Amino acid sequence: MFSLRFAAHSEVGRVRKNNQDAGYASPTMLLVTDGMGGAAAGDLASAVASTEAARSDHRAADGEEMLERIAGMMARANAKLTDLIDEDLQLDGMGTTFCGAFFNGEQFGLCHIGDSRGYLLRGDELTQLTHDHSWVQSLIDEGKITPQQATVHPHRSLILKVLNGRMDFEPDLEILDAHLGDRIMFCSDGLSGMIDDVAIRVILSNPDLGAAVEALAGVHFDIPEKLRG
């Protein structure tokens, strides 16, 4: 049975005046939500989803229970968005990503919809746990563009699936066995869109969790070539 040490950080960024991101962190749950910045009330949508997650935070017995609970959590958050839109049609179009996991001491119950991401650092190997629900990712999957081209594609911000109050959402759900020393990070595209996997691997390798979070918050730096091997 393992325990989870965690840290969380959020910033407004350099473009918008309000913070579209929200999140929640505890010894049994990690979560990031990112409101759709170009739509109505993205900050409200992300806050609704993260608040519903906080209310649902209880340790689960096994992987199946974790997935059932997290799927229910997402459904309730989505239903709350439906109610808000019905009450105020000006909110129609708002939405949020939802990316995180329950933790029961042995396994992570992963959930994901949108283009926020989950990463796992196990030893020296970094793995992206999630698959972006975005237009550019679909083009990559079809072999029409490369990941490098996706970073500068004019429609790289177009998300295909989010929580937006509609009932036809389909999140990705998965169980991941925990290993001693694992580092898991959930982040919005405000981070993953700024730095590459090499930088993420180097930063997450820092044994000082606080220093790693501080470095991730200040992503504008160069990685020495010898660390890119």
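Two strands are counted as paired if DSSP finds at least two bridges between them. The model described here is predicted.

**The five-strand sheet**

One open sheet is built from five strands, placed in the order S1-S2-S3-S4-S7 with antiparallel pairing. The edges are taken by strand S1 (21–26) and strand S7 (172–177); each has a single partner strand, so one side of each lacks a neighbour in the sheet. On average, and with direction ignored, neighbouring strands of this sheet are turned by 10 degrees against each other.

Strand S4, which covers residues 107–113, is joined to S7 by six bridges, and the two run antiparallel. Within this pairing, Cys-111 has Leu-173 of S7 as its bridge partner.

Two helices pack on the sheet. Helix H1 (residues 42–55) touches S1, strand S2 (29–34) and strand S3 (98–103). The direction of H1 makes about 165 degrees with that of S2. Helix H2 (residues 63–87) touches S2, S3, S4 and S7, and the direction of H2 makes about 30 degrees with that of S4.

**The three-strand sheet**

A further open sheet has three strands in the order S6-S5-S8, again with antiparallel pairing. Strand S6 (125–128) and strand S8 (183–187) stand at the edges; each has a single partner strand, so one side of each is without a neighbour in the sheet. The twist from one strand to the next averages 20 degrees.

Strand S5 (residues 117–122) pairs with both S6 and S8. Leu-121 stands opposite Leu-126 in S6, while Leu-120 has Ile-184 in S8 as its bridge partner.

The table lists strand pairs with their bridges.

| Strand pair | Bridges | Sense |
|---|---|---|
| S4 and S7 | six bridges | antiparallel |
| S5 and S6 | four bridges | antiparallel |
| S5 and S8 | five bridges | antiparallel |

**Burial of strand S8**

How many of the five residues of S8 are buried? Five of the five are, so S8 is largely enclosed by the rest of the structure. Buried here stands for under 20% relative accessible area.

In a regular strand the side chains alternate between the two faces of the sheet. On one side of S8 are Arg-183, Met-185 and Cys-187, and on the other are Ile-184 and Phe-186. These residues are all buried, and both faces of S8 are covered. Ile-184, buried on its side of S8, is also the residue that partners Leu-120.

Note on methods: Residues numbered from 1 in each chain as written. Predicted model: local features only at pLDDT ≥ 70, side-chain atom pairs only at ≥ 80, totals over all residues. Heavy atoms only, no water. Axes fitted to C-alpha atoms, helices over the stretch in contact; angles between N-to-C directions. Contact = heavy atoms within 4.5 Å. Buried < 20%, exposed > 50% of the residue type's maximum accessible area, 1.4 Å probe, protein only.
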